[in-house]
Amino acid sequence: MMRHVLFLLTALWASFLAVADGIPTDWSRFHVFLLCGQSNMAGRGVLTPENRLSSDRVLKMDAKGEWVPCEEPIHFDIRTAGAGLGMSFARTLADADPSATIGLVPCAFSGSSIADWHRGKPLFTNAVARAKRAAKAGVLKGILWHQGEAESHDPTRARLYGKALASVATDLRDAL
């Protein structure tokens with residue numbers, strides 16, 4: 001009897017900690033999204049307490065690959081990061097499905113071109129590694145992509161962008 005009580009108390013404590021830290025207890029309901037692209041994905045603008053979105057049931061993968069409560073700026077390696085589309089996307093999903101927790105995996109890199117995201121390049125390799133680590137904790141549901149400004153100043157690169165993006169998307173699907 002005492003062993004069952006001890007087990008129950010341990011399970012309750014672990015459950016309390018998981019909820020208190022915002023970590024989901026049902027990992028099948030942990031929906032993970034990669035955030036890829038360039039600086040606009042990382043976000044811009046000044047964040048104040050008034051314009052920050054709630055992070056209830058939204059986590060992010062930090063630089064160490066650990067899940068932490070999400071707050072903007074989401075990207076950890078861009079000093080000028082601010083509000084981006086990641087948090088509003090995650091907040092919308094969390095509001096639409098109260099049983100889900102949303103996980104964001106920041107991978108954007110300021111100034112990157114589509115060529116920097118092809119298979120074998122460091123940005124591609126990093127995104128795949130972070131996605132695989134994230135998928136151990138939840139279900140990888142998709143990739144948010146916000147990039148292309150680097151190609152917009154050259155008509156030839158702009159014209160070829162769709163084909164290059166399709167190639168990156170195919171390579172990411174194959175790798176994941």
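Helices and strands here are runs assigned by DSSP and numbered from the N terminus. That naming lets us place a residue such as R57, which sits in the loop between α2 (39-42) and β2. Keep in mind as you look around that this is a predicted model.

Let's begin with the overall plan. The protein has five helices and five strands, and reading from the N terminus they follow the order α-β-α-β-β-α-β-α-β-α. Of its 176 residues, 39% count as buried. The chain also folds back on itself across long stretches of sequence: among contacts between residues at least 6 apart, 77% join residues at least 24 apart. On the outside, the protein exposes about 10,000 Å², and carbon and sulfur atoms supply 60% of that area.

Now step inside. In soluble globular proteins, nonpolar side chains tend to be buried together. In this model the largest nonpolar core has 23 residues, and those with the most contacts inside it are W67, V105, C107 and W117. Two or more residues each come from β1 (30-37), β2 (58-61), α4 (122-135) and α5 (155-175). Helix α4 gives the most, with six residues. C107 is a good place to pause: leaving aside its neighbours within four places in sequence, C107 is in contact with L34, L35, C36, H75, W117, A127 and R130. Apart from this core lies another one of 14 residues, including I74, A94, I102 and L104.

Charged side chains pair up too, and the count of salt bridges comes to six. One of them joins R29 and D97, whose closest N and O atoms are 2.1 Å apart. This pair links distant parts of the chain: R29 belongs to the loop between α1 (2-20) and β1, while D97 belongs to the loop between α3 (85-96) and β4 (101-106), 68 residues apart. R29 is partly exposed, with a relative accessible area of 24%, and D97 is also partly exposed, at 21%.

A second bridge brings together the side chains of R91 and D95, with 2.8 Å from N to O. How far apart are R91 and D95 in helix α3? They are four residues apart, so about one helical turn separates them. Their surroundings make an interesting pair: R91 counts as buried at 10% relative accessibility, whereas D95 is exposed at 52%.

A further bridge runs between R157 and E151, where the closest N and O atoms are 3.3 Å apart. Here R157 is partly exposed, at 37% relative accessibility, and E151 is buried, at 3%.

Finally, take a look at the backbone. Most residues other than glycine have a negative phi, and most peptide bonds are trans. Two places in this model are worth a visit with that in mind. What kind of peptide bond joins E72 and P73? The bond is cis, with omega at about 0 degrees. P73 lies in the loop between β3 (67-69) and α3. The other place brings us back to R57, which is not a glycine and yet has a positive phi of about 65 degrees. With a relative accessible area of 21%, R57 is partly exposed, since the buried class takes in residues under 20%.

Conventions. Residues numbered from 1 in each chain as written. Predicted model: local features only at pLDDT ≥ 70, side-chain atom pairs only at ≥ 80, totals over all residues. Heavy atoms only, no water. Core = buried A, V, L, I, M, F, W, Y, C linked by side-chain atoms within 4.5 Å. Buried < 20%, exposed > 50% of the residue type's maximum accessible area, 1.4 Å probe, protein only. Contact = heavy atoms within 4.5 Å. Salt bridge = Lys/Arg side-chain N within 4 Å of Asp/Glu carboxyl O. Areas by Shrake-Rupley, 256 points an atom, 1.4 Å probe, with all protein chains shown as cover.
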